[in-house]
Amino acid sequence: MQIKRLRLTGFKSFVDPADLRIEPGLTGIVGPNGCGKSNLLEALRWVMGETSAKSMRGSGMEDVIFAGTATRPARDFAEVAIVAELPEQQDELEIIRRIERGAGSAYRINGRDVRAKDVSLAFADAATGAHSPALVSQGRIGAIIAAKPGDRRAMLEEAAGIAGLHVRRRDAEQK
Ligand code: ATP
Ligand code: MG
């Protein structure tokens, strides 16, 4: 899967709509401290279905919504969209996650309302996702080195594109 565009509005420090094209060969983001590098990576993980507010450096998921500054009022929603291309498929995939204060998160794939699970399965089948080792955020290298064997296995399974199988097996066992 190749992620081609990242659009965000009201997400953390990106209060105004931003539309970023991700060209082949992009491997890192540089900029001064506090300019939003980590926020961008978090936006990518968030739209892929990240459920841990802590890993987004917040205490609750609504903390991703622009909280306001001395000169600008807070927003009441945040939205992140990515446009991705799957190998051997013609159509692009547009995935959107939106959170509103007091209303939680909602997801859409190509304009259709879907469950969080549909989004994480779509990424798992494409061997990527919110926890993909391809997204190297601050402190991740140390975390991989220090990971327990079980956690390291999960990283390998995700890279191999079989993480979705476990989810489906658990589902099948519950039915
Ligand atoms: P560093 O180089 O220090 O790692 P960085 O470029 O990774 O910096 P980020 O951590 O992405 O920077 O951005 C931090 C900025 O985002 C801070 O100024 C912080 O106030 C702002 N920020 C985070 N969450 C929100 C929010 N919900 N509303 C408004 N601003 C936010
Ligand atoms: Mg950072």
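Q: Which residues are the closest to ligand 1?
A: This is a predicted model. In it, 15 residues surround ligand 1. The closest of them are S13, K37, S38, N39 and A67.

Q: In the shell around ligand 1, how many residues are polar?
A: The shell sorts into three classes. Four residues are nonpolar and three are charged. The polar residues number eight.

Q: At which residues does UniProt place the feature "binding site"?
A: The feature comes from an unreviewed UniProt entry. K37, S38 and N39 belong to it, and these residues are also among the closest to ligand 1. In full, the record lists P32, N33, G34, C35, G36, K37, S38 and N39.

Q: Where does G34 lie?
A: Two elements flank this residue: β2 covers 18-21 and α1 covers 37-47. C35 has its place in the loop between β2 and α1. G34 too lies in the loop between β2 and α1.

Q: Is C35 buried or exposed?
A: A residue with 12 or fewer C-beta neighbours within 10 Å is exposed. G34 has 9 inside 10 Å, so G34 counts as exposed. C35 has 12 C-beta neighbours inside 10 Å, and therefore C35 counts as exposed.

Q: What pattern does the protein chain follow along the sequence?
A: The protein chain has five helices and six strands. Two strands come before α1 in the order. The pattern reads β-β-α-β-β-β-β-α-α-α-α.

Q: What radius of gyration does the protein chain have?
A: The C-alpha trace spans about 50 × 40 × 35 Å along its principal axes. For 175 residues, a compact globule would have a radius of gyration near 16 Å. The protein chain agrees with that, because its own value is 16 Å.

Q: What percentage of contacts between residues at least 6 apart join residues at least 24 apart?
A: Burial gives one view of the chain: 25% of the 175 residues count as buried. Contacts give another. Among those between residues at least 6 apart in sequence, the share that joins residues at least 24 apart is 51%.

Q: Which element gives the most to the largest nonpolar core?
A: This core has 30 residues, and F11, A43, V47, V64, A78 and V80 have the most contacts inside it. Two or more residues come from each of β1 (2-9), α1, β3 (77-85), β4 (92-100) and α2 (116-125). The most, five residues, come from α1.

Q: Which residues does A43 touch, not counting those up to four places away in sequence?
A: A43 is one of the residues with the most contacts inside the largest nonpolar core. F11 and V80 share that listing, and A43 touches both. The full set is L6, L8, F11 and V80.

Note on methods
Residues numbered from 1 in each chain as written. Chains lettered and ligands numbered in written order. Predicted model: local features only at pLDDT ≥ 70, side-chain atom pairs only at ≥ 80, totals over all residues. UniProt positions renumbered as here; feature names shortened; annotations may be inferred. Helix = DSSP H or I, 4+ residues; strand = E, 2+ residues; numbered from the N terminus. Buried ≥ 20, exposed ≤ 12 C-beta atoms within 10 Å, placed from the backbone. Near = placed C-beta within 6 Å. Nonpolar A, V, L, I, M, F, W, Y, C, P; charged D, E, K, R; others polar. Rg over C-alpha atoms; globule rule 2.2 N^0.38 Å. Contact = placed C-beta atoms within 7 Å. Core = buried A, V, L, I, M, F, W, Y, C linked by C-beta atoms within 7 Å.
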